[in-house]
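The following exercises are to be worked through with the sequence and the coordinates at hand. Each task is followed by a solution in steps.

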Amino acid sequence: MLIDFCFFFLPSLSFHDCICPTFLFGPVGIYALGAVAAKLAGERQEMDHFVKLLNKVGKESALVVDSGENGIPYELLYGRAGYIWSTLYVNKQLGFEAIPATTVRPILDAIFAAGRTEGHPSKSPLMYYWHGKPYWGAAHGLAGIMHCLLHYQLEEQDLAAVKGVLMYMIKNRFPESKNYPSREENRDDKLVQWCHGAPGLALTLCKASEVFTEKVFRDAAMEAGEVVWKRGLLRKVGLCHGVSGNGYTFLALYKLLQDEKYLHRAKAFGCFLLDNARGLIDSGEMHGGDHPYSLFEGLAGMCCLWLDLTNPVSARFPGYEI
């Protein structure tokens with residue numbers, strides 16, 4: 001059924017119709033899910049068709065050439081990082097390099113080149129702008145882009161740049177709360193959600209702890225987790241900026257550290273939603289999302305959290321953790 005769903009949308013999709021070549025927006029997500037669904041169903045011809053479409057998008061010149069403010073951005077939700085995340089997902093699920101390095105490498109080079117243009121050696125060696133602002137978070141900023149880059153075997157100078165970005169963010173977080181600003185030089189310490197703030201950074205720092213040997217990344221991930229535990233029960237339900245997404249902070253820390261404390265905290269967030277979400281949404285005290293059944297705003301994301309709580313060692317934040 002999922003394969004049929006993906007094929008149903010194919011006639012209306014093209015790279016040029018949607019300037020968001022990512023898993024979460026635009027045709028790339030349909031192609032990626034179609035390829036994986038076809039693999040699981042044993043439909044090799046259909047799988048090859050979706051893989052071909054993914055490779056075609058990756059070879060578009062708009063992805064490898066910086067076309068300025070009006071071109072494709074670099075962040076995860078709408079930009080180049082979202083495309084390379086899709087290739088990571090598809091290659092892992094299919095079990096082979098369906099999207100080859102020859103497709104991905106020019107896009108990685110473009111991401112690093114643009115980041116160095118806006119970065120500064122004495123500050124963050126890489127920097128990116130979305131709608132003219134230098135965001136830090138997982139959805140639109142540094143955390144999401146670095147998270148994707150950490151999954152690749154990078155050249156020494158590129159890996160050093162990624163490490164430098166993360167060290168810069170740790171050094172310049174809010175000193176008392178240990179939360180992270182939504183963007184450069186924004187000192188308003190109020191957002192604690194996956195898209196902006198400690199929850200998204202915690203997931204990226206957990207991945208950094210697997211790549212780098214320095215203890216600072218693990219410690220910063222744990223400190224971000226404390227921010228989420230103290231301030232993460234929000235008035236929204238979804239993954240992007242709600243309780244469901246914040247619950248994944250503790251699942252990531254549990255997988256990294258094997259500390260039962262974090263599994264307990266993840267279950268506490270899940271149980272809070274199970275016991276209270278419907279009543280709070282009905283009473284207007286909790287926002288169910290502009291799209292109440294969607295993955296990132298609504299109930300679908302909450303269901304993903306519940307499902308992952310049944311097998312926490314295999315838990316993955318949808319559309320973010322590989």
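## Exercise 1: A loop histidine

Task: In this predicted model, determine which residues His-291 touches, not counting residues up to four places away in sequence.

Solution. Once residues up to four places away in sequence are set aside, His-291 touches Glu-297 and Gly-298. The next step is to place the residue: His-291 belongs to the loop between helix 12 and helix 13. A distance across the model completes the description. Met-222 is 69 residues from His-291 along the chain, and the C-alpha atoms of the two are separated by 32 Å.

## Exercise 2: The helix after that loop

Task: State which residues are buried in helix 13 (residues 299-309), and what covers them.

Solution. The buried residues of helix 13 are Leu-299, Gly-301, Met-302, Leu-305, Asp-308 and Leu-309. Their cover includes helix 11 and helix 12.

## Exercise 3: An annotated site

Task: Identify the residues covered by the UniProt annotation "binding site", and describe the surroundings of Cys-195 and Cys-240.

Solution.

Step 1. According to the unreviewed UniProt entry, the annotation covers Cys-195, Cys-240 and His-241. These residues are spread over 47 residues of sequence, yet they cluster in space, with a largest C-alpha distance of 6.2 Å.

Step 2. Cys-195 sits in the loop between helix 8 and helix 9, whereas Cys-240 is in the loop between helix 10 and helix 11 (243-257).

Step 3. The cut-off for a buried residue is a relative accessible area under 20%. Cys-195 has 4% and is therefore buried. Cys-240 has 9% and is therefore buried.

Step 4. Not counting residues up to four places away in sequence, Cys-195 touches Gly-137, Ala-138, Ala-139, Cys-240 and His-241. With neighbours within four places in sequence left aside, the contacts of Cys-240 are Gln-193, Trp-194, Cys-195 and Phe-296.

## Exercise 4: Helix 8 and its packing

Task: Compare the span of helix 8 with the expected value, then describe how helix 8 and helix 10 pack.

Solution.

Step 1. Helix 8 (residues 156-171) has 16 residues, and from its first C-alpha to its last it reaches 22 Å, close to the 22 Å expected at 1.5 Å a residue.

Step 2. Asp-158, Ala-161, Val-162, Val-165, Leu-166, Tyr-168, Met-169 and Ile-170 are the buried residues of helix 8. The elements that cover them include helix 6 (101-118), helix 7 (142-149), helix 9 (198-211) and helix 10 (215-231).

Step 3. Two packed helices are described by the angle between their axes and the distance between the axes. For helix 8 and helix 10, the angle is about 45° and the axes are 11 Å apart. Helix 8 is therefore oblique to helix 10. The contact involves Lys-163, Leu-166, Met-167 and Ile-170 on helix 8, and Val-216, Phe-217 and Ala-220 on helix 10.

Step 4. The crossing of helix 8 past helix 10 is left-handed.

## Exercise 5: Helix 5 and its end

Task: Establish how many residues of helix 5 are buried, and describe the surroundings of Leu-94.

Solution.

Step 1. Helix 5 (residues 80-94) consists of 15 residues; it reaches 21 Å from first to last C-alpha, close to the 21 Å expected at 1.5 Å a residue.

Step 2. Of the 15 residues of helix 5, 13 are buried, so the helix is largely enclosed by the rest of the structure.

Step 3. Leu-94 is part of helix 5 and is buried, with a relative accessible area of 4%. Not counting residues up to four places away in sequence, Leu-94 touches Ala-35, Val-36, Lys-39, Met-47 and Val-51. Val-211 lies 117 residues from Leu-94 along the chain, and their C-alpha atoms are separated by 23 Å.

Step 4. Just after helix 5, Gly-95 adopts a positive phi of about 85°.

## Exercise 6: Positive phi outside glycine

Task: Give the phi and the exposure class of Glu-185 and of Gln-258.

Solution. Glu-185 is not a glycine, but has a positive phi of about 65°. Glu-185 is located in the loop between helix 8 and helix 9; its relative accessibility is 67%, so Glu-185 counts as exposed. Gln-258, also not a glycine, has a positive phi of about 55°. Gln-258 is in the loop between helix 11 and helix 12 (260-283); its relative accessibility is 49%, so Gln-258 counts as partly exposed.

Key:
Residues are numbered from 1 along each chain as its sequence is written. This is a predicted model: local features need pLDDT of at least 70, side-chain atom pairs count only at pLDDT 80 or more; totals for chains, interfaces and linings use all residues. Side-chain values use heavy atoms; hydrogens and water are left out. Helices (H or I, at least four residues) and strands (E, at least two) are DSSP runs, numbered from the N terminus. The expected span of a helix is 1.5 Å times one less than its number of residues. Buried means under 20% relative accessible area, exposed over 50%, partly exposed in between (1.4 Å probe, protein chains only). Contact means heavy atoms within 4.5 Å. UniProt positions are given in the numbering used here, feature names are shortened, and annotations may be inferred rather than shown by experiment. Axes are lines fitted to C-alpha atoms, for helices over the stretch in contact, and angles run from 0 to 180 degrees between N-to-C directions. Angles under 35 degrees count as roughly parallel, over 145 as roughly antiparallel, 65 to 115 as roughly perpendicular and the rest as oblique. A crossing is left-handed if the near helix is turned anticlockwise from the far one by less than a right angle, and right-handed if clockwise.
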